[in-house]
Amino acid sequence: MKATTADDKTYDGFTDEERDAMKERAKELKASARRGPRGAKADTEGEVLAKIAEMPDGDRVLAERVHVIVKAAAPSLTPKLWYGMPAYAKDGKVLCFFQSAAKFKSRYATLGFSDQAGLDEGNLWPTSYALKELTAADEELVAALVRKAVA
């Protein structure tokens, strides 16, 4: 990685968006530590809903729908923030997350699944899905994926 100075604003390595996400993750870990032993089980849904409310309209609408779908398909999952993104955890470990298009200046939002998700099928399976809009069929697919991830 190239060394930088105060006058040199170009970076090789992490983008500004990636650095911001890492800073958000550090804040999340500090907040969890302040909660003490109940940190992993704390009710953080309000924080997730607040983060969703901050998103630009297109991403916000998708994130709200994903939140409703995940809560209905797997009520045992705990909503939490993960690198500043809405995520859903089982026993404190993130299973799936929503990444807004605006966060990383991408052309689409993403629904991603961690390696903790039980989506394994053969030797090759998808772990993230591009989201531009959600039809009824798409919503059912998301619900089925979330149910499978939890199983």
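In this predicted model, a useful place to begin is Tyr-83, which sits in the loop that joins β1 (78-82) to β2 (85-90). The backbone there has a phi near 55 degrees, a positive value in a residue that is not glycine. That deserves a remark, since most residues other than glycine have a negative phi. With a relative accessible area of 31%, Tyr-83 is partly exposed, and together with Phe-14 and Met-22 it makes up a nonpolar patch on the surface whose combined accessible area is about 260 Å². Of these partners, Met-22 belongs to helix α1 (residues 16-35) and is likewise partly exposed, at 34% relative accessibility.

A positive phi also occurs at Asp-91, where the angle is about 55 degrees although the residue is not a glycine. Asp-91 lies in the loop between β2 and β3, and its relative accessibility of 71% puts it in the exposed class, because that class begins over 50%.

The loop between β3 and β4 can be followed through two of its residues, Lys-103 and Ala-102. Lys-103 has a relative accessibility of 18% and therefore counts as buried, the limit being under 20%. Once neighbours within four places in sequence are set aside, the contacts of Lys-103 are Glu-17, Ala-21, Glu-24, Tyr-83, Gly-84 and Met-85, so that the list leads back to Tyr-83, the partly exposed residue of the loop between β1 and β2. Ala-102, by contrast, is partly exposed at 39% relative accessibility, and, with residues up to four places away in sequence not counted, it touches Pro-56 and Asp-59. Ala-102 and Pro-56 are 46 residues apart in sequence, yet their C-alpha atoms are 7.4 Å apart in space.

From Asp-59 the path continues inward to Phe-98, since Asp-59 is also among the contacts of Phe-98. Leaving out neighbours within four places in sequence, those contacts further include Met-55, Leu-62, Ala-63, Val-66, Met-85, Pro-86, Ala-109, Thr-110 and Leu-131. Met-85 is thus in contact with Phe-98 as well as with Lys-103.

Phe-98 is in turn part of the largest nonpolar core, a set of 29 residues in which Leu-77, Phe-98, Phe-113, Leu-131 and Val-146 have the most contacts. The elements contributing two or more residues to this core are the helices α2 (45-53), α3 (57-73) and α4 (136-150), along with the strands β3 (93-99) and β4 (109-113).

How values were computed
Residues numbered from 1 in each chain as written. Predicted model: local features only at pLDDT ≥ 70, side-chain atom pairs only at ≥ 80, totals over all residues. Heavy atoms only, no water. Core = buried A, V, L, I, M, F, W, Y, C linked by side-chain atoms within 4.5 Å. Buried < 20%, exposed > 50% of the residue type's maximum accessible area, 1.4 Å probe, protein only. Helix = DSSP H or I, 4+ residues; strand = E, 2+ residues; numbered from the N terminus. Contact = heavy atoms within 4.5 Å. Patch = residues over 30% accessible without salt bridge, like charges linked within 9 Å, V, L, I, M, F, W, Y side chains within 5 Å. Areas by Shrake-Rupley, 256 points an atom, 1.4 Å probe, with all protein chains shown as cover. Salt bridge = Lys/Arg side-chain N within 4 Å of Asp/Glu carboxyl O.
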